[in-house]
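Q: I have a model open on my screen and I'd like to learn how to read it. Can we go through it step by step?

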Protein chains: 2
Amino acid sequence: MIRGTIEIEFPNNETARVVYESVLFEHKTVPYRRSRMNFSLKENKVIMEFIAKDNSALRGTLNSYLRWIKVAFDVVEL
Amino acid sequence: MIRGTIEIEFPNNETARVVYESVLFEHKTVPYRRSRMNFSLKENKVIMEFIAKDNSALRGTLNSYLRWIKVAFDVVEL
């Protein structure tokens, strides 16, 4: 069993909110997940809390979320 | 700034210790890292605490550690 938390800090609350909302859309539309992910916003931080049964499932999930966050943040920064 | 913790629970303390020691070897020999990683053992859990400046750096680091852990665990399970 793998449990974890990742907190990503943004320059300000507004940026965090925009990134959070973009990724929330992906988070809600993914039909099937091998890991459970709790995705939340707290001031200027986007917080991911997860539980995964195995390592490969977690790697896949984290890669997706971190990639979505990166894409959203790159767009905000434009 | 990205901060996080990932805890991986193994079936017993001995397995956790063997996996921890295998990965510790990799952890110590990696010459250059774009993220800071604190890697520790607590009973049947291997704990990774990390700080990364950016998302891509973190993804690379987590993928390496999760892969090393998987390899070590697969060997222990044989």
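## Reading the model together

A: Happy to. Keep in mind that this is a predicted model. Let's begin with burial: of the 78 residues of chain A, 41% count as buried.

Q: What does chain A have in the way of helices and strands, and in which pattern do they come along the sequence?

A: Start by listing the pieces, then read them in order. Chain A has two helices and three strands. Going along the sequence, they follow the pattern β-α-β-β-α.

Q: How does the radius of gyration of chain A fit with a compact globule?

A: The idea is to set the value beside what a compact globule with that many residues would have. For 78 residues that would be near 12 Å, and chain A has 12 Å, so the two agree. You can also look along the principal axes, where the C-alpha trace of chain A spans about 35 × 20 × 15 Å.

Q: What share of the contacts in chain A join residues at least 24 apart?

A: For this one, you take contacts between residues at least 6 apart in sequence, and ask how many of those reach further along the chain. In chain A, 65% of them join residues at least 24 apart. For an example of sequence distance against distance in space, take V18(A), which sits in helix α1 of chain A. V18(A) and A72(A) are 54 residues apart along the chain, yet their C-alpha atoms are separated by 7.8 Å. V18(A) itself counts as partly exposed, because its relative accessible area is 29%, and partly exposed runs between the 20% and 50% cut-offs.

Q: How much surface does chain A expose, and what share do carbon and sulfur atoms supply?

A: About 4400 Å² is exposed, with carbon and sulfur atoms supplying 51% of it.

Q: And the charges? How many positive and negative ones does chain A have, and how far apart are their mean positions?

A: Chain A has 12 positive and 10 negative charges, and their mean positions are 10 Å apart.

Q: Why would charged side chains pair up?

A: Side chains of opposite charge can pair when their charged atoms come close. Here the count comes to eight salt bridges over all chains. One of them joins the side chains of R17(A) and E14(A), at 2.9 Å from N to O.

Q: Where do R17(A) and E14(A) sit relative to each other in the helix?

A: They are three residues apart in helix α1 (residues 13-29) of chain A, which means about one helical turn separates them. R17(A) is partly exposed at 32% relative accessibility, and E14(A) is partly exposed at 44%.

Q: What about chain B: which side chains meet there in a salt bridge?

A: R17(B) and E14(B) do, at 2.9 Å from N to O. They are three residues apart in helix α1 (residues 13-29) of chain B, so again about one helical turn separates them. R17(B) is partly exposed with a relative accessible area of 32%, and E14(B) is partly exposed with 46%.

Another salt bridge in chain B links D74(B) and K70(B), also 2.9 Å from N to O. This pair is four residues apart in helix α2 (residues 55-77) of chain B, so about one helical turn lies between them. D74(B) is partly exposed at 33%, and K70(B) is partly exposed at 29%. Salt bridges can share partners too: that is how E14(A), R17(A) and E21(A) are joined into one network.

Q: Which charged residue is buried yet has no salt bridge?

A: Look at R59(A), in helix α2 (residues 55-77) of chain A. R59(A) is buried and has no salt bridge; the nearest side chain of opposite charge, D54(A), is 8.2 Å away. Leaving out residues up to four places away in sequence, R59(A) touches N63(B), L66(B) and R67(B).

Q: One last residue: what does L41(B) touch?

A: First find L41(B) in strand β2 (residues 35-42) of chain B. Not counting residues up to four places away in sequence, L41(B) touches A16(B), R17(B), Y20(B) and V46(B). R17(B) is one of the salt-bridge partners we met earlier. L41(B) is partly exposed, with a relative accessible area of 32%. L41(B) and E21(B) are 20 residues apart in sequence, and 9.0 Å apart in space from C-alpha to C-alpha.

Notes:
Residues numbered from 1 in each chain as written. Chains lettered and ligands numbered in written order. Predicted model: local features only at pLDDT ≥ 70, side-chain atom pairs only at ≥ 80, totals over all residues. Heavy atoms only, no water. Rg over C-alpha atoms; globule rule 2.2 N^0.38 Å. Buried < 20%, exposed > 50% of the residue type's maximum accessible area, 1.4 Å probe, protein only. Contact = heavy atoms within 4.5 Å. Areas by Shrake-Rupley, 256 points an atom, 1.4 Å probe, with all protein chains shown as cover. Lys, Arg positive; Asp, Glu negative; His and termini not counted. Charge placed at Lys NZ, Arg CZ, Asp CG, Glu CD. Salt bridge = Lys/Arg side-chain N within 4 Å of Asp/Glu carboxyl O.
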